[in-house]
Structure formats: C-alpha cells, structure tokens
Amino acid sequence: MAETDVQLHDFANIFSLQGKVAVVTGGSRGLGLHSASGLLQAGCSKIFITSRKAPACEAAVSALNALASKNNLSRRAYAIPADCSKVSSIEGLVAEVGKLTPHVDILLANAGATWGTDSFAEVDEKNAWDKVMDLNLKGVFFTIQK
C-alpha cells in the first residue's frame with residue numbers, strides 16, 4: 001500500500017502555484033515578506049501584503065513588483081494595510097481583496113506579536129496579554145473565518 005501511495009503522478013502540477021492568489025498577513029517584513037517572495041517566485045499571480053503600517057506594505061510591494069519585473073514574471077503584489085488584531089480591520093481587508101480577485105487560494109496568517117518584554121513577571125492582562133491574544137489567536141481565527 002505505501003509503495004503506491006508515494007507514487008505522485010504529475011508531481012510538478014500537483015505542487016504548482018501557477019496562477020494562485022495569496023494573502024500574507026504580516027507580510028511587510030521578516031518571515032512574511034520572505035514567504036511572499038517565495039510565493040511570487042513559485043508562480044502566484046497575485047499576492048496581497050498586509051500589515052498595520054501602510055508605508056511598510058508599500059515598500060514590500062514595491063520590492064516584490066520590482067523582483068517580478070526584473071525576472072520577467074507576469075505577477076503582481078498589492079498592498080492592503082490592515083490591523084489583524086481588529087475584526088473590523090480584517091473585514092476591510094477582505095473587502096479590499098474582494099475588489100481585486102473573486103477568490104483566494106492561499107492564506108498565510110503570519111502576523112503575530114510577542115509579549116514585548118524579557119520578563120515573564122511583567123506580562124499583564126491589559127498590556128501584553130491582550131495584545132498577543134488579539135493578534136495571535138483572535139486575529140488568526142477571524143482572518144481565516146472571513
């Protein structure tokens with residue numbers, strides 16, 4: 001049984017991202033931007049970059065579109081700033097993406113926050129706890145839901 005299960009016919013097509021549409025939250029820097037670059041180079045035709053800061057989104061999209069142009073790729077990145085810790089902002093993100101594409105194939109829910117302190121004892125409910133839970137848990141859930 002295992003021998004037949006590992007026989008992947010048309011391997012290149014199964015894993016192709018050609019023409020796919022991706023949304024990358026927290027995509028303006030770090031792992032999110034690296035992932036967006038990989039998605040673009042792997043064939044995604046549209047990549048939507050979102051983070052809280054509009055200038056960072058624009059800079060990331062500019063770099064991605066320059067990469068596509070340099071490599072003669074007919075792919076495009078779009079900047080849609082949004083705060084994924086707030087449901088209303090997530091709904092705005094979804095509405096803006098919907099204006100440019102009828103569907104999304106890939107959601108990379110990368111946006112995240114840390115406690116912002118080196119001391120576990122300094123974490124309190126209204127400061128670090130709510131910030132981390134709103135973005136890392138609530139934000140991911142509602143981004144996927146919407």
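**Figure 1. The salt bridge between K146 and E91 in the predicted model.** K146 is partly exposed, its relative accessible area being 39%, and in this predicted model the residue forms a salt bridge with E91, in which the closest N and O atoms are 3.6 Å apart. Because K146 lies in the segment after helix 6 whereas E91 belongs to helix 5 (residues 87–100), the pair ties together parts that are 55 residues apart in sequence. E91, for its part, is partly exposed, with a relative accessible area of 39%.

**Figure 2. The salt bridge between E96 and K99 within helix 5.** The closest N and O atoms of E96 and K99 are 2.9 Å apart in this salt bridge. The two residues stand three positions apart in helix 5, so about one helical turn separates them. E96 counts as partly exposed at 34% relative accessibility, while K99 is exposed, with a relative accessible area of 62%.

**Figure 3. The salt bridge between K86 and D83.** Here the closest N and O atoms of K86 and D83 are 3.0 Å apart. D83 is buried, with a relative accessible area of 17%, a value that falls under the 20% limit for burial, whereas K86 counts as partly exposed at 45% relative accessibility. With a nitrogen-to-oxygen limit of 4 Å, the count for the model comes to three salt bridges.

**Figure 4. The cysteines C44 and C57, in a structure without disulfides.** The structure holds zero disulfides, and the view shows the surroundings of two of its cysteines, C44 and C57. The cysteine sulfur closest to that of C44 belongs to C57 and lies 17 Å away, which is too far for a bond. C57 is likewise in no disulfide, the nearest cysteine sulfur, that of C84, being 9.5 Å away; for a disulfide, the two sulfur atoms would have to be within 2.5 Å. Both side chains are shielded from the probe in terms of residue accessibility: C44 counts as buried at 0% relative accessibility, and C57 is buried, with a relative accessible area of 0%.

**Figure 5. A positive surface patch formed by R29, R52, K53 and K131.** These four residues, two arginines and two lysines, make up a positive patch on the surface of the model. One of them, K131, is found in helix 6, which covers residues 125–145. K131 is partly exposed, with a relative accessible area of 41%, and this value satisfies the requirement of over 30% relative accessible area for patch residues.

**Figure 6. A nonpolar surface patch made by L8, F11, I14 and F15.** The patch formed by these side chains amounts to about 430 Å². Among its members, F11 is found in helix 2 (residues 11–14). F11 is partly exposed, with a relative accessible area of 49%, a value that lies between the limits of 20% for buried and 50% for exposed residues.

**Figure 7. The protein chain as the setting for the close-up views.** The protein chain contains six helices and four strands, and along the sequence these elements follow the pattern α-α-β-α-β-α-β-α-β-α. The C-alpha trace spans about 55 × 45 × 30 Å along its principal axes. Of the 146 residues in the chain, 32% count as buried.

Definitions and conventions. Residues numbered from 1 in each chain as written. Predicted model: local features only at pLDDT ≥ 70, side-chain atom pairs only at ≥ 80, totals over all residues. Heavy atoms only, no water. Patch = residues over 30% accessible without salt bridge, like charges linked within 9 Å, V, L, I, M, F, W, Y side chains within 5 Å. Areas by Shrake-Rupley, 256 points an atom, 1.4 Å probe, with all protein chains shown as cover. Lys, Arg positive; Asp, Glu negative; His and termini not counted. Charge placed at Lys NZ, Arg CZ, Asp CG, Glu CD. Buried < 20%, exposed > 50% of the residue type's maximum accessible area, 1.4 Å probe, protein only.
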